[in-house]
Amino acid sequence: MEYIEKIGAAAKAAAPILADCGTLTKNRALSEIARRLNQNADAIIAANKLDIENARKKGMSETLIDRLVLDEKRIAGMVDGLDKVIALPDPIGEIMGGSELPNGLRVVQTRVPMGVIGMIYENRPNVTVDAAALCFKAGSAVILRGGSNAVNSNKFLVDLMRKTIADLGVPADCIQLVEETSRETAVAMMKLNKYIDLLIPRGGGQLIRTVIENATVPVIQTGEGNCHVYVDESADLDMAVNIVNNAKTQRPSVCNAIESILVHESVSAAFFKKLDELWQGKVAVVGDERTAENIKVEKIADDTDYATEFLDYKLSSKVVKSLDEAIEHINKFGTGHSECIVTGSLENARKFQRRIDAAAVYVNASTRFTDGFEFGLGAEIGISTQKLHARGPMGLNALTSYKYLIDGNGQIRG
């Protein structure tokens with residue numbers, strides 16, 4: 001598709017110039033973007049309101065609209081995110097290793113930009129600034145393809161960032177937005193091997209699957225979070241209820257919110273009594289027969305329910321006979337994101353952490369902490385649920401590659 005090809009070519013041309021920019025230039029640009037975000041907060045909110053109005057006309061749920069909203073607090077959050085990225089050490093140029101060979105060649109492994117990074121994501125316009133800032137600091141051009149529901153917000157934000165970096169002498173095409181949000185443009189972007197070095201999809205399961213099925217560009221899978229809390233037989237039940245409540249209800253529309261609970265049979269009655277007293281029907285539950293003996297359920301859960309990322313005030317539940325049964329269930333239905341055990345047993349805690357196949361495995365803490373800011377990375381471009389190249393929250397280093405620099409004095413190979 002000519003439209004996508006043009007964007008890709010422009011990013012490829014801009015990338016080497018950005019790669020040669022020093023830390024001072026990149027930080028100055030990010031600082032100025034932060035200043036202009038504050039300066040234009042009212043205009044950003046006005047553009048965002050158009051998206052919210054259109055989303056409500058389409059019948060989007062309020063939980064998903066929450067992802068779409070940009071208010072003063074979230075704009076302040078984007079500015080804070082920029083400040084944290086500025087404060088992070090610049091990874092580009094870091095010496096990762098090296099040696100002098102017997103023939104006198106000096107070999108140095110050094111960290112370099114990825115080149116051009118593509119982002120396909122859904123209705124979270126704050127991701128537009130977060131992703132652009134991280135890629136920019138990591139020295140890579142970025143092509144952003146947000147969802148159609150956030151198009152007005154994204155246009156405003158990207159126009160602001162492009163003008164800002166251009167005013168400071170950095171090519172505007174280091175940050176680009178795919179404004180045509182059709183499926184055809186997305187699929188064309190997934191096949192742009194000539195220009196895109198890495199593609200990062202960030203969103204729900206359907207988006208991730210679509211990218212995996214169609215992309216020829218190298219992809220990092222992120223975002224889908226069918227996360228669990230297992231309440232062990234030795235758990236402090238007040239702690240367990242607090243963790244489950246936080247992990248489900250603090251912000252149910254995000255990928256590190258839990259979608260399922262597993263409860264050991266010996267504490268199930270007491271646990272569900274406490275949970276029911278707290279929730280009083282606030283969260284809908286689908287569960288097995290033993291769950292239904294203790295708390296009201298919408299239906300008896302099946303495998304489809306256990307595999308579902310609800311992103312709402314709803315979760316699945318199962319009563320289990322053992323830690324091993326809980327581990328087996330999580331490894332079957334989990335998406336490799338974040339899992340938690342609430343337990344008083346150190347032995348069970350360590351067994352759970354060793355055997356659960358996920359990027360983040362918690363003992364006695366909410367899964368909501370799986371986040372670049374919370375992990376001290378400054379910011380994240382996504383949470384990788386795969387194992388190659390990057391896993392878990394992806395900060396600056398995950399957006400880089402490396403090259404070998406070899407210095408000699410006339411050596412030839414015999």
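User: What makes strand 6 count as mostly covered?

Analyst: In this predicted model, in which local features need pLDDT of at least 70, side-chain atom pairs count only at pLDDT 80 or more, and totals for chains, interfaces and linings use all residues, 5 of the 5 residues of strand 6 are buried. Residues are numbered from 1 along each chain as its sequence is written, and side-chain values use heavy atoms, with hydrogens and water left out. Buried means under 20% relative accessible area, exposed means over 50%, and partly exposed lies in between, with a 1.4 Å probe and protein chains only. The cover reaches both faces, since Leu198, Ile200 and Arg202 on one side and Leu199 and Pro201 on the other are all buried. Strands and helices are DSSP runs numbered from the N terminus, a strand being E over at least two residues and a helix H or I over at least four.

User: How do you know that strand 3 and strand 6 are paired, and in which sense, parallel or antiparallel?

Analyst: Two strands pair if DSSP finds at least two bridges between them, and strand 3 and strand 6 share 5 bridges in the parallel sense, so the criterion is met. Within this pairing, Gly118 stands opposite Leu199 of strand 6. As a general point, strands of a sheet pair through backbone hydrogen bonds, either parallel or antiparallel.

User: Against which elements do the buried residues of helix 9 pack?

Analyst: They pack against strand 3, helix 8 and strand 6 (198-202), and the residues in question are Gly205, Leu207, Ile208, Thr210, Val211 and Asn214. A contact here means heavy atoms within 4.5 Å.

User: What makes the side chains of strand 12 alternate?

Analyst: Along residues 360-363, Ala360 and Tyr362 point to one face and are buried, whereas Val361 and Val363 point to the other face and are not. Strand 12 also pairs with strand 11 (residues 338-342) in the parallel sense over 4 bridges, and Val361 is the bridge partner of Glu339.

User: Which strands are the edge strands of the open sheet with the order 1-2-15?

Analyst: Strand 1 (95-100) and strand 15 (400-407) are the edges, each pairing on one side only. The sheet has 3 strands with antiparallel pairing, and its neighbouring strands are turned by 20° against each other on average, direction ignored. Such angles run from 0 to 180 degrees between N-to-C directions, with axes that are lines fitted to C-alpha atoms, for helices over the stretch in contact. Strand 1 is joined to strand 2 (residues 106-113) by 5 bridges in the antiparallel sense, and Ser99 has Val107 of strand 2 as its bridge partner.

User: Why is Leu405 called partly exposed?

Analyst: Its relative accessible area of 41% is neither low enough for buried nor high enough for exposed, so Leu405 is placed in between. Leu405 belongs to strand 15 and touches Arg106, Val107, Val108 and Thr110, not counting residues up to four places away in sequence. The C-alpha atoms of Leu405 and Thr110 are separated by 7.3 Å, although the two residues are 295 residues apart along the chain.

User: Gln280 and Leu311 both lie in loops; is each of them buried or exposed?

Analyst: Gln280, in the loop between helix 11 (268-279) and strand 9 (284-287), has a relative accessibility of 68% and is therefore exposed. Leu311, in the loop between helix 13 (303-306) and strand 10 (314-320), has 13% and is therefore buried. Gln280 has a positive phi of about 50° although it is not a glycine, and phi of Leu311 is near 55°, again a positive value in a residue other than glycine.

User: What makes the largest pocket a pocket and not a cavity?

Analyst: On a 1 Å grid over the protein atoms alone, a cavity is a set of points where a 1.4 Å probe fits but cannot get out, whereas a pocket is an open set with protein on both sides within 12 Å along at least five of seven lines. Lining residues have an atom within 4 Å of a point, and 39 residues line the largest pocket, with Arg124, Asn126, Arg251, Arg368 and Asp371 nearest its centre. Its volume is about 1000 Å³, a volume being the space filled by probe spheres set on grid points that are joined across faces, edges and corners. Helix 5 gives the most to this lining, with 6 residues.
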